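Biologist: Got a minute to go through this one with me? I'd like to talk about cysteines, helix packing and any odd backbone spots.

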Amino acid sequence: MSNYDAIIIGTGQGGVPLAYALAKARKRTAIVERDAVGGSCVNFGCTPTKTLVHIAKVAQTVRRAAEYGVETESPKMDMSKVRELKRKIVAEFRDPTAKHLQETEHLDLICGEASFSGSRSLEIKLKEGGVTSVTGDLIFIDTGTRAFIPPIEGLDKVRYLDNASVMDLDYLPEHLTILGGGYIGLEFAQMYARFGSEVTVVEQSDRFLPREDPDIADAVLAILREDGIDFRLGTKALAASETGGNIRIETSHGDVVANELLVAVGRTPNTDDLNLAAAGVETDEKGFVKADDRLRTTAEGVYAIGDVKGGPAFTHISYDDFRVLKANLLDGGDRSIEGRMVPNVTFIDPQLGRIGLSEDEAQAKGLKFRVARMQMTDVARALEMNESRGMIKALIGGDGQILGAAVLGVEGGEIMSLIQIAMMGKLTAQDLNDAILAHPTLAEFLNNLFA
């Protein structure tokens with residue numbers, strides 16, 4: 001049995017930099033990966049999806065070319081080539097990371113599936129065959145999540161896609177049904193609509209994007225419907241069946257029949273096969289690892305990183321988890337995840353960037369605030385680009401500090417990040433109103449938003 005100073009289970013966006021930091025501190029470290037190095041972000045999350053989102057944007061730009069006075073033919077998709085480009089980009093992110101892990105001093109990359117055999121001991125079924133046992137003074141769980149498959153009658157007997165397998169299609173479905181109207185479902189819905197598929201989204205909730213204020217959610221829904229996506233809100237999927245290559249979803253409001261079915265109703269943690277009970281690691285009712293604000297689990301010396309512990313499921317949050325652990329375990333600090341900013345971007349077009357409190361959240365906290373709103377039709381640069389769909393909304397506290405913002409517009413994520421930096425620097429709305437911002441840029445609308 002090999003003993004390590006630290007063992008990391010999973011090579012996600014928090015685990016990999018932590019492995020490097022521990023190895024640099026001359027801690028004998030092992031990092032275990034059962035599948036592909038890089039975790040969900042690199043292999044079937046951010047990297048491939050945003051590659052495909054951009055390709056869909058290119059197709060839509062060609063389709064709109066006549067609006068700009070450019071005469072061209074309608075786009076034709078070569079989905080095999082699209083898939084190969086996606087795979088190439090993923091490999092360019094993943095393969096150098098795997099090579100670096102293998103070459104780093106004091107660090108062992110073990111390819112296999114780990115499960116706890118004791119409080120700080122693991123049994124690893126090696127990819128190459130056989131089993132090895134290891135112990136670690138510290139163990140970090142970074143196993144992430146996968147698509148949740150709901151208990152719908154007949155679903156286990158039909159072909160269905162998840163967020164990973166849908167990106168390996170080498171043909172364009174004539175009709176794609178998506179179960180789930182959340183952020184993942186929306187990105188794929190618009191993407192495939194722009195590729196040329198008919199798209200139907202079946203969402204059980206009556207309220208669209210419930211984490212957003214109704215005015216923002218309504219604006220998103222209007223844009224996506226304008227793009228030709230059929231939304232069935234307040235519609236529950238009851239049963240699934242397959243006949244002649246088509247998949248039929250029986251719903252509370254009639255049947256939907258399509259060539260392909262994408263299930264995007266949420267995520268479930270990869271904790272099933274870890275044998276967490278052997279280590280005394282507790283989970284919640286959904287299987288997410290319980291962790292405190294220092295990322296400590298209920299077992300001494302065992303920590304959780306990233307999506308596996310629940311909460312915001314974003315790459316940048318996983319990376320910040322790494323910074324918390326490095327500060328506390330290697331740098332003598334006492335850093336917490338409590339109260340940290342959680343920016344996020346939904347990569348529809350136009351993008352939806354969100355930072356801080358929504359209006360509903362501010363009201364629930366009993367805060368006093370003012371609301372600043374602008375339509376993108378009032379943004380000069382957006383008009384010049386012929387990209388004027390969307391709106392901007394910000395909340396301003398009684399002291400002039402910005403409490404939060406939603407930016408639904410061209411490059412909404414980038415503009416949201418500017419607002420986040422202003423919030424971090426304690427700049428007031430008046431400061432942004434008075435700032436000299438270059439004309440004509442998208443950022444310039446901050447002058448008018450806070451006027």
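Modeller: Sure, and keep in mind that this is a predicted model.

Biologist: Cysteines, then. How many disulfides are there?

Modeller: The count is zero.

Biologist: Why is Cys46 not bonded to Cys41?

Modeller: The Cys46 sulfur sits 3.1 Å from the sulfur of Cys41, its closest cysteine sulfur, and that is too far for a bond because the cut-off for a disulfide is 2.5 Å.

Biologist: And which cysteine sulfur is nearest to Cys111?

Modeller: Cys41 again, but that sulfur is 20 Å away, and Cys111 is in no disulfide.

Biologist: Are those two, Cys46 and Cys111, buried or exposed?

Modeller: In between. Cys46 is partly exposed at 32% relative accessibility, and Cys111 is partly exposed at 36%.

Biologist: Switching to helices. At what angle do H3 and H4 pack?

Modeller: About 140°, with the axes of H3 (residues 46-63) and H4 (residues 79-103) 9 Å apart. That puts H3 oblique to H4, because a pair has to be over 145 degrees to count as roughly antiparallel. The crossing is right-handed.

Biologist: Which residues make that contact?

Modeller: From H3 you have Thr47, Pro48, Thr51, Leu52 and Ile55; H4 brings Val82, Leu85, Lys86, Ile89, Val90 and Phe93. By class, the contact has eight nonpolar residues, two polar and one charged.

Biologist: What about H1 and H7, how do their axes run?

Modeller: The axes of H1 (residues 15-24) and H7 (residues 315-329) come within 8 Å of each other and cross at roughly 25°. H1 therefore counts as roughly parallel to H7. This crossing is right-handed too.

Biologist: Who meets whom there?

Modeller: Pro17, Leu18 and Ala21 of H1 meet Tyr319, Phe322, Leu325 and Lys326 of H7. That contact splits into six nonpolar residues, no polar ones and one charged.

Biologist: I was also looking at Met191. Where is Met191, and what does it touch?

Modeller: Met191 is in helix H5 (residues 183-195). Setting aside residues up to four places away in sequence, Met191 touches Thr49, Leu52, Val53 and Ala56. Met191 and Val53 are 138 residues apart along the chain, yet their C-alpha atoms are separated by 5.8 Å.

Biologist: Buried or exposed, that methionine?

Modeller: Met191 is buried, at 2% relative accessible area.

Biologist: And Thr135, what surrounds that one?

Modeller: Thr135 belongs to strand S5 (residues 131-141). Outside its sequence neighbours within four places, Thr135 contacts Met1, Ser2, Asn3, Tyr4, Ile7, Arg120 and Ser121. With a relative accessible area of 17%, Thr135 counts as buried because the limit is 20%.

Biologist: Now the odd backbone spots. Where do you see cis peptide bonds?

Modeller: One joins Asp349 and Pro350, with omega about 5°. Pro350 is in the loop between strands S16 (344-346) and S17 (351-356). Another goes from His439 to Pro440, with omega near -5°, and Pro440 lies in the loop between helices H11 (429-434) and H12 (445-449).

Biologist: Which residues other than glycine have a positive phi?

Modeller: Asn275 is one of them, at about 55°, and Asn386 is another, near 60°. I'd flag them because most residues other than glycine have a negative phi.

Biologist: Where are they?

Modeller: Both are in loops: Asn275 between strands S14 (267-269) and S15 (302-304), Asn386 between helix H9 (380-384) and strand S19 (391-397). Asn275 is partly exposed at 41%, and Asn386 is partly exposed at 30%.

Note on methods
Residues are numbered from 1 along each chain as its sequence is written. This is a predicted model: local features need pLDDT of at least 70, side-chain atom pairs count only at pLDDT 80 or more; totals for chains, interfaces and linings use all residues. Side-chain values use heavy atoms; hydrogens and water are left out. Buried means under 20% relative accessible area, exposed over 50%, partly exposed in between (1.4 Å probe, protein chains only). Axes are lines fitted to C-alpha atoms, for helices over the stretch in contact, and angles run from 0 to 180 degrees between N-to-C directions. Helices (H or I, at least four residues) and strands (E, at least two) are DSSP runs, numbered from the N terminus. Angles under 35 degrees count as roughly parallel, over 145 as roughly antiparallel, 65 to 115 as roughly perpendicular and the rest as oblique. A crossing is left-handed if the near helix is turned anticlockwise from the far one by less than a right angle, and right-handed if clockwise. Contact means heavy atoms within 4.5 Å. Ala, Val, Leu, Ile, Met, Phe, Trp, Tyr, Cys and Pro count as nonpolar, Asp, Glu, Lys and Arg as charged, and the others, Gly among them, as polar.
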